[in-house]
Amino acid sequence: MALLELAPTGVEQVDGDGWVEFAIYGAPGELPSFPAGEAEVAGVRVAVSGDEVADDWAERWREFHHPVEIGGRVRVRPPWEPPAPEGRLIDLVVDPGQAFGTGAHATTRLCLELLLGLEPRGSLADLGCGSGVLALAAARLGFAPVLALDYEQAAVEATLENARANAITLHEVRLADLREEPMPSADVVTANLVRPLLLSAAALMGDPPPVLVASGLLEGEEDEVAAAFAPLAERRRLSSQGWSALLLTAR
């Protein structure tokens, strides 16, 4: 969030083994000036470097976005990549230019892995839908109706655009503030958020959903968040690249 305040037009994140790299872009004078070397952002020491972006950046950035396959059943790809062989995988087209998630981030992949382990039956609500990857995958898997919520209007628009690109009809896509609004009633709720938002959602929760998939957690935050959603009980926990996702169900 601190980086988005510095560069509200967008931040690119790349996760590595024991490190995370963020790239922020802007015209001269738009971004704060940090000298090369070490700096502090939101209380965290980071290594800073800067380069001029090549004239052909609008094409070169595509080199960093490739199809992502999850669980041998779902493939998420940018529009310029060819579709998966018919019938082998659920093929989803997501425009990475929307910058709200393409399925490549560990938190999205972990959510999808847990979602693939569920019986695709009943309604599903996706909290913090971003680009709509989880909601679209759920609809293709057979969940219905599917509701997608997000705090950002741009995310709502991105989800609607990606739904149209995939010829998928979602029951409802709308704005919601999970700091003030209880989660909607659904048979399955997916919440790929961050710890503070998950704790807010837990505090506002009325009748718990039968199934909750919670992600966006850093390793070490799982027990606190799982406890906050009691009486739901933890059934599975997946981790990757320093991130975790939880499957919580009614006892």
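In this predicted model, the buried residues of helix α5 (153-165) are A155, V156, A158, T159, N162 and A163. Viewed down the axis of α5, these buried residues fall within an arc of 160 degrees, so they line one face of the helix. This arrangement can be read against the general geometry of such elements: an α-helix has 3.6 residues a turn, so residues three or four places apart point the same way. The cover over the buried residues of α5 includes β7 (90-93), α4, β9 and β10, whereas R164 and A165, on the other side of α5, are exposed. As for its dimensions, α5 comprises 13 residues and reaches 18 Å from its first C-alpha to its last, which is close to the 18 Å expected at 1.5 Å a residue.

Just after α5, the backbone at A167 takes a positive phi of about 55 degrees, although A167 is not a glycine. A167 sits in the loop that runs between α5 and β10 (172-175), and with a relative accessibility of 70% this residue counts as exposed, the cut-off for that class being over 50%. A positive phi is also found at Q241, again a residue other than glycine, where the value is near 55 degrees. Q241 belongs to the loop between β13 and β14 (243-249), and its relative accessible area of 40% makes it partly exposed.

Two peptide bonds that precede prolines also deserve attention. The bond from A144 to P145 is cis, with omega near -10 degrees, and P145 is placed in the loop between α4 (133-141) and β9 (146-150). Both of these flanking elements, α4 and β9, are among those that cover the buried residues of α5. The second cis bond joins A230 to P231, with omega near 20 degrees, and P231 lies in the loop between α7 (222-228) and β13 (233-240). As general background, most residues other than glycine have a negative phi, and most peptide bonds are trans.

The backbone features described above are gathered here.

| Site | Backbone feature | Loop |
|---|---|---|
| A144 to P145 | cis, omega near -10 degrees | P145: between α4 and β9 |
| A230 to P231 | cis, omega near 20 degrees | P231: between α7 and β13 |
| A167 | positive phi of about 55 degrees | between α5 and β10 |
| Q241 | positive phi near 55 degrees | between β13 and β14 |

Technical notes:
Residues numbered from 1 in each chain as written. Predicted model: local features only at pLDDT ≥ 70, side-chain atom pairs only at ≥ 80, totals over all residues. Heavy atoms only, no water. Helix = DSSP H or I, 4+ residues; strand = E, 2+ residues; numbered from the N terminus. Buried < 20%, exposed > 50% of the residue type's maximum accessible area, 1.4 Å probe, protein only. Expected span 1.5 Å × (residues − 1). Arc of directions from axis to C-beta. Contact = heavy atoms within 4.5 Å.
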